[in-house]
Amino acid sequence: MHELAIAENIVGTACSRAAGRPVRRVTVRIGALTAVVPDDMRFCFDVAAMGTAAHGAALDLDLCPAIIFCRSCQADKRLPDRIPLCPCGSADVTVTTGRELDVVSVETA
Ligand SMILES: [Zn+2]
């Protein structure tokens, strides 16, 4: 489970952006290719936030689908799973979205 390490990172970012104020809500954009499980993420966030300014803060997850651009099809395709391969079978693709793991906003008290 790599969610805890990611959650610790998110809590660290949220606390530094809050600059000492208590954190109420953190919004995080998570791409489908990051393999983060939302429920695990919420649990780990609560654990990582204990004893920090983000203790008890709400975690909003903005889930992004994985989109690739396939050079064989010359088109954007939505990936059905985490394998960066076009449904046409081509591996000549560029990942457009799906690798996001960003703290979008931090709401403080
Ligand atoms: Zn294709």
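Helices (H or I, at least four residues) and strands (E, at least two) are DSSP runs, numbered from the N terminus. The model is predicted, so that local features need pLDDT of at least 70 and side-chain atom pairs count only at pLDDT 80 or more, while totals for chains, interfaces and linings use all residues. Residues are numbered from 1 along each chain as its sequence is written, and side-chain values use heavy atoms, with hydrogens and water left out.

**Exercise 1.** Locate His2 relative to helix 1, and state which residues it contacts.

*Solution.* Begin with the sequence position: His2 belongs to the segment before helix 1 (3–18). Next, take its accessibility, where a relative accessible area of 36% makes His2 partly exposed (buried is under 20%, exposed over 50%, partly exposed in between, with a 1.4 Å probe and protein chains only). Then list the contacts (heavy atoms within 4.5 Å): apart from neighbours within four places in sequence, His2 touches Thr34, Ala35 and Val36. Finally, consult the record, in which an unreviewed UniProt entry lists His2 under "binding site".

**Exercise 2.** Decide whether Thr34 is buried or exposed, and describe its surroundings.

*Solution.* Thr34 sits in the loop between strand 1 (23–31) and helix 2 (38–49). Its relative accessible area is 16%, and Thr34 is therefore buried. Setting aside neighbours within four places in sequence, the contacts of Thr34 are His2, Gly98, Arg99, Glu100 and Leu101.

**Exercise 3.** Characterise the site of the zinc ion: which atoms coordinate it, and what is the geometry?

*Solution.* First identify the donors (N, O and S atoms within 2.8 Å of the metal, or 3.2 Å for Na, K and Ca): the SG atoms of Cys70, Cys73, Cys86 and Cys88 coordinate the zinc ion at 2.2 to 2.3 Å. Second, examine the angles among the four donor atoms, which run from 100 to 118 degrees and make the site tetrahedral (all angles between 85 and 135 degrees for four donors). Third, read the spacing along the chain, which is C-x2-C-x12-C-x1-C. Because Cys73 lies in the loop between strand 3 (67–70) and strand 4 (75–78), and Cys86 in the loop between strand 4 and strand 5 (93–97), this pair ties together parts that are 13 residues apart in sequence. Lastly, compare accessibility: Cys73 is partly exposed at 28%, whereas Cys86 is buried at 3%.

**Exercise 4.** Give the strand order of the open three-stranded sheet, and explain why strand 4 and strand 5 each have one side without a neighbour.

*Solution.* The order is 4-3-5, with antiparallel pairing (strands pair if DSSP finds at least two bridges between them). Strand 4 and strand 5 are at the edges with a single partner strand each, so one side of each lacks a neighbour in the sheet. Four bridges join the antiparallel strand 3 and strand 5, and Cys70 stands opposite Val93 in strand 5.

Terms used:
Tetrahedral: all angles 85-135°; square planar, octahedral: opposite > 155°, others 65-115°. UniProt positions renumbered as here; feature names shortened; annotations may be inferred.
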